[in-house]
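Visitor: Could you take a close look at one part of this protein for me, the charged side chains that pair up, and then show me what sits around them? Keep it relaxed, but don't skip the numbers.

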Amino acid sequence: MEPLVVVEDLSGGYSPRRPVLHGLTFKVMPGEMVGLIGLNGAGKSTAIRHLLGLMKPLAGTVRIGGVTLEEDAERYRRSFAYVPETPLLFDELTVQEHLRLTAMAYGIEEPVYAGRAERLLAEFRMADKRTAFAAHLSKGMKQKVMIMNALLAAPPLYLIDEPFLGLDPLGVRSLLERLEAEKRSGSAILMSSHILSTLEAYCDRYLVLHDGRLIASGTLDELRETAGMPGAPLERLFFRFVAPEGDAYGA
């Protein structure tokens, strides 16, 4: 099985003089969920922006679905859907119009769109909001619209940045259940979150970023072996990797 995401020696950021990322190398396989974890400012969102093609690497390459953005921009962009930390919607479009716009962008045929849209509206308890304008939605509802748009596209890859902010418990459960289903169907998921207990319960592997560098990666057992902490939960492992020497959390 070929990797869906291949990042090789990626260095990047907003200025060539002060790169945020330093030589990142990792892969994401179809049918796996990978947790991207790190402190604030570690480079998680910057790494995701490079995968999205919003930032150009200062060095190294990013391939999704076997191509770089420069080689085949349309194929590259259609290979993923993105859920950002802060919902980005059009105030004067309704929930249903956002879903239809996504279907048009991804070339989803009408019967397929109709079936998927109805299921998502029901799953995320938004059916009664289908005609509501985005400007009138709460932050949590806006986040649900972003999530529904991503799931509607049913892409090979989901890039998800802090998806739980603003979601109610039922929304969180609906999202995690759908991501599990998407993973079983063969989609890959790269998800950044500070809620380590949730990542531990759902992710297959982890990428630990610190000061723009990948300082640890692997399954939970592999991280335990690297840290020399058999049986430790992800939270304790994370503190061991990122806390300064002598810090109580890193002990």
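Guide: Let's start with the count: within a cut-off of 4 Å between a side-chain nitrogen of Lys or Arg and a carboxyl oxygen of Asp or Glu, twelve salt bridges turn up. Keep in mind that this is a predicted model. The general idea is simple enough: side chains of opposite charge can pair when their charged atoms come close.

Take Arg178 and Glu182 as the place to zoom in. Their closest N and O atoms are 3.1 Å apart, and the two form a salt bridge. Both residues belong to helix H6, which covers residues 169-184, and they sit four residues apart, about one turn of the helix. Are they buried or exposed? Arg178 counts as buried because its relative accessibility is 16%, under the 20% limit. Glu182 also counts as buried, with 10% relative accessibility. The pair isn't on its own, either: Glu123 joins Arg178 and Glu182 in a network of salt bridges.

What else does Glu182 touch, if you leave out residues up to four places away in sequence? The contacts are Leu151, Ala154, Tyr158 and Ser187. Leu151 falls within helix H5, residues 139-153, and Tyr158 within strand S6, residues 157-161. So from this one buried glutamate in H6, you can step straight to its neighbours Leu151 and Tyr158.

Follow S6 and you get to a sheet. Six strands make up an open sheet in the order S5-S6-S7-S3-S8-S9, and the pairing is mixed. S5 (80-83) and S9 (213-218) are the edge strands; each has a single partner strand, so one side of each has no neighbour in the sheet. From one strand to the next, the twist averages 15°. S5 and S6 run parallel and are joined by four bridges; for a concrete example, Tyr82 has Leu159 in S6 as its bridge partner. Helix H5 lies across S5 and S6, and its direction is at about 170° to S5.

Now compare a couple of other salt bridges. Glu74 and Arg78 form one with their closest N and O atoms 3.9 Å apart, which is still within the 4 Å cut-off. Like the H6 pair, they share a helix: both are in H2, residues 73-78, four residues apart, about one turn of the helix. As for accessibility, Glu74 counts as exposed, at 53%, while Arg78 is partly exposed, with a relative accessible area of 40%.

Arg130 and Glu118 make another salt bridge, with 2.7 Å between the closest N and O atoms. Here the partners come from separate elements: Arg130 is in the loop between helix H4 (110-123) and helix H5 (139-153), and Glu118 is in H4, so the pair ties together parts that are twelve residues apart in sequence. Both count as partly exposed, Arg130 at 21% relative accessibility and Glu118 at 40%.

Away from the charges, there's a nonpolar patch on the surface, made of Phe90, Leu101 and Met104, with about 340 Å² of accessible area together. Met104 is located in helix H3, residues 95-106, and counts as exposed at 62% relative accessibility.

To round out the tour, look at the other sheet. This open sheet has three strands in the order S2-S1-S4, with antiparallel pairing. Its edges are S2 (21-28) and S4 (59-64); each of them has a single partner strand, so one side of each is left without a neighbour in the sheet. The twist from one strand to the next averages 15°. Five bridges hold S1 (residues 5-12) and S2 together, running antiparallel, and Val5 has Val28 in S2 as its bridge partner. Helix H1, residues 44-52, lies across S1, S2 and S4 and runs at about 65° to S2.

Note on methods:
Residues are numbered from 1 along each chain as its sequence is written. This is a predicted model: local features need pLDDT of at least 70, side-chain atom pairs count only at pLDDT 80 or more; totals for chains, interfaces and linings use all residues. Side-chain values use heavy atoms; hydrogens and water are left out. Helices (H or I, at least four residues) and strands (E, at least two) are DSSP runs, numbered from the N terminus. Buried means under 20% relative accessible area, exposed over 50%, partly exposed in between (1.4 Å probe, protein chains only). Patches are made of residues with over 30% relative accessible area and no salt bridge: like charges are joined within 9 Å, nonpolar side chains (Val, Leu, Ile, Met, Phe, Trp, Tyr) within 5 Å. Accessible areas come from the Shrake-Rupley method with a 1.4 Å probe; for residues, only the protein chains shown count as cover. Two strands pair if DSSP finds at least two bridges between them. Axes are lines fitted to C-alpha atoms, for helices over the stretch in contact, and angles run from 0 to 180 degrees between N-to-C directions. Contact means heavy atoms within 4.5 Å.
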